[in-house]
Amino acid sequence: MKRTYSQIDMDERRKIARWRMAGICVEVIAEKLGRHRSTIFRELRRNTFEDQKMPDLNGYYCVTANSMARERRAKL
């Protein structure tokens, strides 16, 4: 059976951000989105906003995550 991969889109990022704010665990988010839990962990690790000067703003934001991912793809 052939494996197919689709990149996470903005709609999925909105759902991830909303569910993380609600305190839902990664395993449940992955199940709801129909993705492997490692995909969600990777998304959160790579696209979480971090600011050294204002740590209160650190977190996963869908718009920021989408722009970070687009920047990485543009470098290729």
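These are legends for a set of close-up views of a predicted model.

Residue numbers start at 1 along each chain as its sequence is written, and side-chain values use heavy atoms, with hydrogens and water left out. Because this is a predicted model, local features need pLDDT of at least 70 and side-chain atom pairs count only at pLDDT 80 or more, while totals for chains, interfaces and linings use all residues.

**View 1. The whole chain is built from helices, 4 of them, with 0 strands.**
Read from the N terminus, the order is α-α-α-α. Helices here are DSSP runs of H or I with at least four residues, strands are E runs of at least two, and both are numbered from the N terminus. The C-alpha trace spans about 50 × 35 × 20 Å along its principal axes. Of the 76 residues, 29% are buried (under 20% relative accessible area; exposed is over 50%, partly exposed in between, with a 1.4 Å probe and protein chains only). Take the contacts (heavy atoms within 4.5 Å) with a separation of 6 or more: 40% of them join residues 24 or more positions apart.

**View 2. The chain's surface and its charges.**
About 6100 Å² is exposed, and carbon and sulfur atoms supply 51% of that; the areas come from the Shrake-Rupley method with a 1.4 Å probe, and for residues only the protein chains shown count as cover. As for charges, there are 18 positive and 10 negative ones, and their mean positions sit 6 Å apart. Lys and Arg count as positive, Asp and Glu as negative, with His and the chain ends not counted; each charge is placed at NZ of Lys, CZ of Arg, CG of Asp or CD of Glu.

**View 3. Met 54, Leu 57 and Tyr 61 make a nonpolar surface patch.**
The patch covers about 280 Å². Patch members have over 30% relative accessible area and no salt bridge, with nonpolar side chains (Val, Leu, Ile, Met, Phe, Trp, Tyr) joined within 5 Å and like charges within 9 Å; a salt bridge puts a side-chain nitrogen of Lys or Arg within 4 Å of a carboxyl oxygen of Asp or Glu. Leu 57 sits in the loop between helix H3 (37-46) and helix H4 (62-75), and at 39% relative accessible area Leu 57 is partly exposed.

**View 4. Two residues of helix H4, Asn 66 and Val 63.**
Asn 66 is buried, at 17% relative accessible area. Neighbours within four places in sequence aside, Asn 66 touches Met 10 and Arg 13. Val 63 counts as exposed at 55%. Its C-alpha lies 8.0 Å from that of Arg 13, 50 residues away along the chain.
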